[in-house]
Amino acid sequence: MAYVATRGGERAIDQSERLYRAGMGTIGAERVAEIRQSLPWLIGRVMGEASLYEEDLAALALAQSGGDLYEAVLLLRAWRTTQPRLAIAETVTQDQLFTHRRISAAFKDIPGGQILGPSLDYSHRLLATGVLEGRPLVPEPVEPAPLPAPARQPSLAAWQKAQGLVADPAREEVAPDDIPDLTREPLLFPAKRAHTLQSLARADTGGVLALGYSAMRGYGNAHPTVNELRLAEAEVTVRHPCGTLFSAGRVKVSQAEVTSKGKSGQLDLGFCATLGWNEIKVIAGATLDLNAPEAPQNSPVNEEFFLYHTEPVEASGFCIHFKLPHYVTFQSALDALRDAKSKAAGAKTAPDPVSGAAPEPAITGEISA
């Protein structure tokens, strides 16, 4: 009932939206293509949080929203719900990924070798102000490697398990054919591991980073070491109704495994993966997954806390709704406040029940003109 007053302002609402869009100007295919080409990492983040891999649509959502990430994710998720589901792709394992970058902070040498791939981790953070003065920032050509690394790399965790270094998972594993779908089933607690990983895959990057960082700073029960981090492309293999398997293309994916010494004397693993390339998110998400099994009830690494509070559409929508009219509820609060103040003032001016004398006036800091 607090929103009834908005009915009288339909024209104002319409003009408000027009004013917003006027600031962005005409959106054409050229702008969408430029966003897709120039902001690939942002495109990856939006696709991951929308749980929809389509680079052109992600670029369009960013253009249409003026770069508002939460609005762009909401646009993509809304569009996604209108599309039919044609098939379910086959399961992809780590050793099947077409790997662009694969590093480990836990080992100097790993089976398959360290592959730095595309990264700014080792660069100087210098703003290229010359671009504003007419000197374009032209990337230097990449030199061909003398011995290219194999496109597919083994799983580091599988190598550790073969040596008896990794503890058996405390949470139930789900067969590929029985994996639940978070977009069709509600998130219930205690959450299934598959639901936890799906929720982290489409969680808000900033929220996951904040809570993951809190665990790293000591508010969790396990400190992470990056066991393996990958940026890769996953083959989308689909089974045709006639039974033939075929490739429908590739999608960019990020995945991270973090590890910590567990109580059993072996290594515990945390995992996170998402669509697009987003290293920060998967490292922080894997940290939350690592800390979840033994998390105290009221801690930031408790699964109910971090899964609920990193859902970008629900969280941003709840925050945005506070901008809408709340006249009725706020006036009710003001009426209660005025009534309480009136009763308090009446109590101060009432005569003393024993002597019958009025109370002395209160001394304040106000000065009359």
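The legends below describe close-up views of a predicted model.

**View 1. Packing of helices H4 and H5.** Helix H4 covers residues 55–65 and helix H5 covers residues 69–80. Their axes lie 8 Å apart and form an angle of about 130 degrees. An angle between 115 and 145 degrees falls in the oblique class, so H4 is oblique to H5. The crossing of H4 and H5 is right-handed.

**View 2. Packing of helices H3 and H5.** Helix H3, residues 40–50, also packs with H5. Here the angle is about 50 degrees, and the axes are 9 Å apart. H3 and H5 are therefore oblique to each other. The crossing of H3 and H5 is right-handed.

**View 3. Ser51 in the loop between H3 and H4.** Ser51 is located in the loop that runs between H3 and H4. Its phi is positive, about 50 degrees, although Ser51 is not a glycine. Most residues other than glycine have a negative phi.

**View 4. Salt bridge between Arg77 and Glu311.** The closest N and O atoms of Arg77 and Glu311 are 2.7 Å apart, and the two residues form a salt bridge. This pair links distant parts of the chain, with the two positions 234 residues apart in numbering. Arg77 belongs to helix H5, whereas Glu311 sits in the loop between helix H10 (303–308) and helix H11 (312–320). Arg77 and Glu311 are both buried. In the model as a whole, the count comes to 18 salt bridges.

**View 5. Salt bridge between Asp289 and Arg193.** Asp289 and Arg193 form a salt bridge in which the closest N and O atoms are 2.7 Å apart. The pair links distant parts of the chain, 96 residues apart. Asp289 is in helix H9 (residues 279–291), and Arg193 is in helix H7 (residues 193–201). Both Asp289 and Arg193 are buried. Elsewhere, salt bridges that share partners join Arg36, Glu55 and Asp56 into one network.

**View 6. Salt bridge between Arg135 and Glu133.** The side chains of Arg135 and Glu133 meet in a salt bridge, with an N to O distance of 2.9 Å. Glu133 has a relative accessible area of 55%. The cut-off for exposed is over 50%, so Glu133 counts as exposed.

**View 7. Nonpolar surface patch with Leu209.** Leu209, Tyr213 and Ile280 make a nonpolar surface patch of about 290 Å². Leu209 is placed in helix H8, which covers residues 205–219. The relative accessibility of Leu209 is 39%, so Leu209 counts as partly exposed.

**View 8. Phe98 and Val253.** Phe98 lies in strand E1, residues 98–103. Its C-alpha atom is 9.8 Å from that of Val253, and the two residues are 155 residues apart in sequence. With a relative accessibility of 24%, Phe98 counts as partly exposed.

**View 9. Cis peptide bond from Phe189 to Pro190.** The peptide bond from Phe189 to Pro190 is cis, and its omega is near 0 degrees. Most peptide bonds are trans. Pro190 is found in the loop between helix H6 (156–162) and H7.

Key
Residues are numbered from 1 along each chain as its sequence is written. This is a predicted model: local features need pLDDT of at least 70, side-chain atom pairs count only at pLDDT 80 or more; totals for chains, interfaces and linings use all residues. Side-chain values use heavy atoms; hydrogens and water are left out. Patches are made of residues with over 30% relative accessible area and no salt bridge: like charges are joined within 9 Å, nonpolar side chains (Val, Leu, Ile, Met, Phe, Trp, Tyr) within 5 Å. Accessible areas come from the Shrake-Rupley method with a 1.4 Å probe; for residues, only the protein chains shown count as cover. A salt bridge is a side-chain nitrogen of Lys or Arg within 4 Å of a carboxyl oxygen of Asp or Glu. Helices (H or I, at least four residues) and strands (E, at least two) are DSSP runs, numbered from the N terminus. Buried means under 20% relative accessible area, exposed over 50%, partly exposed in between (1.4 Å probe, protein chains only). Axes are lines fitted to C-alpha atoms, for helices over the stretch in contact, and angles run from 0 to 180 degrees between N-to-C directions. Angles under 35 degrees count as roughly parallel, over 145 as roughly antiparallel, 65 to 115 as roughly perpendicular and the rest as oblique. A crossing is left-handed if the near helix is turned anticlockwise from the far one by less than a right angle, and right-handed if clockwise.
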